[in-house]
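Ready for a few hands-on exercises? Open the structure, try each task yourself, and then walk through the solution beside it.

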Amino acid sequence: MAVRNLVLILGDQLSPGLSSLKAADPAQDRLLMVEVQEEATYVRHHKKKIAFLFAAMRHFAEALKKAGWQIDYVPLDAEENTGNFGGEVERAIARHSPKRLIVTEPGEWRVRDAMSRWSDDFGLPVDILDDDRFLCSRDDFAAWAEGRKQLRMEFFYRDMRRKTGLLMDGGQPEGGKWNFDAENRKPAKADLFLPQPHQVEPDAITQDVLDLVDARFGDHFGDLHPFWFAVTEVEAEAALEHFIEHALPLFGDYQDAMLEGERFLYHSVLSLYINAGLLDPLAVCRRVADEHHAGRAPLNAAEGFIRQIIGWREYVRGIYWLKMPGYVEENFFGADRPLPDFYWTAETDMACLRAAITQTKEEAYAHHIQRLMVTGNFAMLAGVDPRQVHEWYLAVYADAYEWVELPNTLGMSQFADGGLLGSKPYAASGNYISKMSDHCAHCRYDVKQKTGDKACPFNPLYWDFLLRNEEKLRGNPRLAQVYRTWQRMAPEKQADYRKSAKKVLARLG
Ligand code: FAD
Ligand code: DLZ
Ligand code: SF4
């Protein structure tokens with residue numbers, strides 16, 4: 001039977017309602033899904049991330065077949081596999097001679113750029129459709145940003161609340177406020193009941209993928225076992241329900257907390273499912289709003305959670321497409337230190353970093369405050385090249401795709417874009433980590449000591465960072481008070497800070 005359209009579905013497009021599937025007809029069109037070496041290695045992804053995506057792709061292909069679609073699924077170890085999207089599309093065109101290629105727009109600029117040449121390369125029309133799983137299209141975001149001096153997330157978020165009607169009371173926000181973050185900064189105590197995320201036993205399909213990843217990507221960062229991620233829509237729904245029942249009510253209160261040995265606290269661990277398409281972001285938010293309206297989740301939790309998804313998640317995607325391809329090159333501070341080795345080994349005597357990196361290695365997961373205020377903060381204070389920091393984050397987290405990872409890393413955490421996402425750098429001394437966590441009690445360093453060999457390394461690095469970048473930051477009104485504090489400091493104390501920072505940096509190599 002002649003094929004009318006060839007429909008390419010990418011590994012993070014595992015949604016039955018995907019725009020390319022809606023545009024296609026099972027009776028006339030053929031779907032194509034491909035496991036390719038290039039996607040697994042353009043950065044050397046964590047083993048669990050590759051296993052998650054391949055297992056989820058294989059399960060999705062099975063579900064599509066059951067629903068009546070004709071599908072070509074090319075596994076990684078297929079003999080003729082060319083190893084990249086272009087090569088696999090070309091082979092599929094040769095097999096089926098379709099009249100047209102359809103694809104939902106990819107999440108990464110790199111892939112979108114390659115696709116823009118496919119029509120010429122392969123001699124057929126290529127329809128690249130909007131990804132309507134996002135609430136705000138790229139064009140709508142560009143229109144929102146047009147003419148604004150500052151792209152404040154908070155104002156964008158309010159528009160998204162109005163657009164979706166989530167937690168709205170007529171034209172006003174429920175509870176009379178748009179944002180309840182002020183109630184969301186409690187440090188956690190070790191005697192709290194801490195739920196664990198929903199875990200799934202690998203089935204035969206996933207087991208095959210685990211064997212493949214072991215054999216082919218055994219030298220990539222991270223532990224493959226135990227593997228407990230959901231890999232189907234049904235399992236991801238179960239993970240959502242588990243979060244709603246066990247963690248949502250306290251999500252807001254402890255959103256910024258960290259505890260030694262507690263990897264997930266009240267976080268949802270849903271980003272990998274949402275980003276791969278197993279969960280629909282708007283449906284997740286509606287489910288959370290319903291839970292609040294049923295009286296089972298307080299407003300600060302529901303609002304905080306929904307803001308992350310219809311606010312931050314949509315906003316960073318908008319920024320990514322607005323600023324690429326130049327964005328990845330930005331380096332406001334001109335930082336050039338190589339990423340310290342311990343980011344790959346977790347071998348460091350700084351307890352907060354050791355905890356965040358160990359769990360990253362074991363789980364391909366760390367929550368937001370660990371990413372922002374521990375690994376991100378340290379890299380910025382130490383002056384690490386933001387490109388290397390970006391490539392680390394993109395490789396090590398199961399939820400990482402450049403559209404979401406890059407603005408969070410380069411913009412929010414490294415301030416390498418000079419302040420597009422934040423009005424000041426998220427720079428903090430050890431005091432912040434001490435307030436929000438119990439890590440300091442497990443550390444060889446003393447967070448109260450400001451300088452000297454036992455001093456928490458974040459303390460001298462904090463001042464060193466501000467001084468190194470004084471020219472760029474001094475005019476920032478939010479830092480005026482900090483610079484005044486430095487000026488009032490005794491010269492001997494200033495010299496001690498500088499000496500200690502120098503020693504810490506020398507130890508990094
Ligand atoms: P929860 O704390 O339960 O939050 C709920 C949901 O909100 C998440 O599942 C996610 O979909 C969304 N969300 C929360 N914060 C953000 C945010 N800042 N940007 C976008 N979505 C958000 N998130 C990714 O999905 N992929 C990344 O590659 C990624 N890289 C990051 C790198 C750095 C340096 C920083 C500071 C943050 C990064 N984030 C990234 C954002 C955030 O840390 C993760 O979304 C979150 O930790 C995922 O865990 P969770 O599902 O338990 O989130
Ligand atoms: C992340 C990833 C990996 C590891 N492997 C594949 C793959 O083999 N096939 C595929 O279609 N997608 C994969 N992906 C996700 C893609 O990298 C992602 O679709 C693009 O980066 C666009 O966001
Ligand atoms: Fe981290 Fe410093 Fe606390 Fe050690 S003392 S855990 S390095 S903040």
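## Exercise 1: The shell around ligand 1

Helix 12, helix 14 (299-323), helix 17 (368-382) and helix 19 (402-413) each give two or more residues to the shell around ligand 1. Keep in mind as you work that this is a predicted model.

**Task.** Find which helix gives the most residues to this shell, and work out which atoms of Leu270 and Asp399 come up against ligand 1.

**Solution.**
1. Start with the neighbours: 28 residues surround ligand 1, and the closest are His267, Ser268, Val269, Asn275 and Tyr365.
2. Sort them by element. Helix 19 gives the most, with six residues.
3. Sort them by class. The shell has 14 nonpolar, 10 polar and four charged residues.
4. Now look for polar contacts. In the side chain of His267, an N or O atom is 2.7 Å from an oxygen atom of ligand 1.
5. Leu270 takes part through its backbone, where a polar atom is 3.0 Å from an oxygen atom of the ligand. Asp399 also uses a backbone N or O atom, which lies 3.0 Å from a nitrogen atom of ligand 1.
6. Finish with the cover: ligand 1 exposes 830 Å² when taken alone, and the protein buries 99% of that.

## Exercise 2: A closer look at His267

**Task.** Decide whether His267 is buried or exposed, and find the backbone oxygen that lies 3.4 Å from a polar atom of its side chain.

**Solution.**
1. Locate His267 in the loop between helix 11 (248-251) and helix 12 (271-276).
2. Check its accessibility. His267 has a relative accessible area of 11%, so it counts as buried, the cut-off being under 20%.
3. Follow the side chain to its protein partner: the backbone oxygen of Gln255 lies 3.4 Å from a polar atom of the His267 side chain.
4. Stay in this loop and turn to Leu265, which is also found between helix 11 and helix 12. Leu265 has a positive phi of about 45° although it is not a glycine, and its relative accessible area of 1% makes it buried.

## Exercise 3: Ligand 2 and its cavity

**Task.** Describe what surrounds ligand 2, and state how much of its accessible area the protein covers.

**Solution.**
1. List the neighbours. There are 17 residues around ligand 2, the closest being Gly11, Asp12, Val34, Val36 and Glu39.
2. Find the polar contacts. Gly11 has a backbone N or O atom 2.9 Å from an oxygen atom of ligand 2, and a backbone N or O atom of Gly107 lies 3.2 Å from an oxygen atom of the ligand. Glu108 contributes an N or O atom of its side chain, 3.3 Å from an oxygen atom of ligand 2.
3. Add up the cover: on its own, ligand 2 has 490 Å² of accessible area, and the protein covers 100% of it.
4. Consider the space. What ligand 2 occupies is the largest cavity.
5. Assign the shell to elements. Helix 2 (37-41), helix 3 (47-66) and helix 5 (109-115) are the ones that give two or more residues, and helix 3 has the largest share, three residues.
6. By class, the shell holds nine nonpolar, three polar and five charged residues.

## Exercise 4: The residues around ligand 3

**Task.** Work out how many residues of the shell around ligand 3 are charged.

**Solution.**
1. Collect the residues around ligand 3, among them Cys352, His439, Cys440, Cys443 and Cys456.
2. Note the elements: helix 16 (351-363) and helix 20 (430-436) each supply at least two residues.
3. Count by class. Nine are nonpolar, two are polar and none is charged.

## Exercise 5: Unusual backbone geometry

**Task.** Find which residues the cis peptide bonds join, and where Ala346 is found.

**Solution.**
1. Begin with the background: most residues other than glycine have a negative phi, and most peptide bonds are trans.
2. A cis bond joins His225 and Pro226, with omega about -5°. Pro226 lies in the loop between helix 9 and helix 10.
3. Another cis bond joins Met324 and Pro325, where omega is about 10°. Pro325 sits in the loop between helix 14 and helix 15 (342-345).
4. Turn to Ala346, in the loop between helix 15 and helix 16. Its phi is positive, near 65°, and Ala346 is buried, with a relative accessible area of 10%.

Terms used: Residues are numbered from 1 along each chain as its sequence is written. Chains are lettered from A and ligands numbered from 1 in the order in which they are written. This is a predicted model: local features need pLDDT of at least 70, side-chain atom pairs count only at pLDDT 80 or more; totals for chains, interfaces and linings use all residues. Side-chain values use heavy atoms; hydrogens and water are left out. A residue is near a molecule or strand if one of its heavy atoms lies within 4 Å of it. A polar contact is a pair of N or O atoms within 3.5 Å; within protein, one must be able to donate a hydrogen and the other to accept it, and residues adjacent in sequence count only if both atoms are side-chain atoms. Accessible areas come from the Shrake-Rupley method with a 1.4 Å probe; for residues, only the protein chains shown count as cover. On a 1 Å grid over the protein atoms alone, a cavity is a set of points where a 1.4 Å probe fits but cannot get out, and a pocket is an open set with protein on both sides within 12 Å along at least five of seven lines; lining residues have an atom within 4 Å of a point. A molecule sits in a cavity or pocket if more than half of its atoms lie within 2 Å of its grid points. Helices (H or I, at least four residues) and strands (E, at least two) are DSSP runs, numbered from the N terminus. Ala, Val, Leu, Ile, Met, Phe, Trp, Tyr, Cys and Pro count as nonpolar, Asp, Glu, Lys and Arg as charged, and the others, Gly among them, as polar. Buried means under 20% relative accessible area, exposed over 50%, partly exposed in between (1.4 Å probe, protein chains only).
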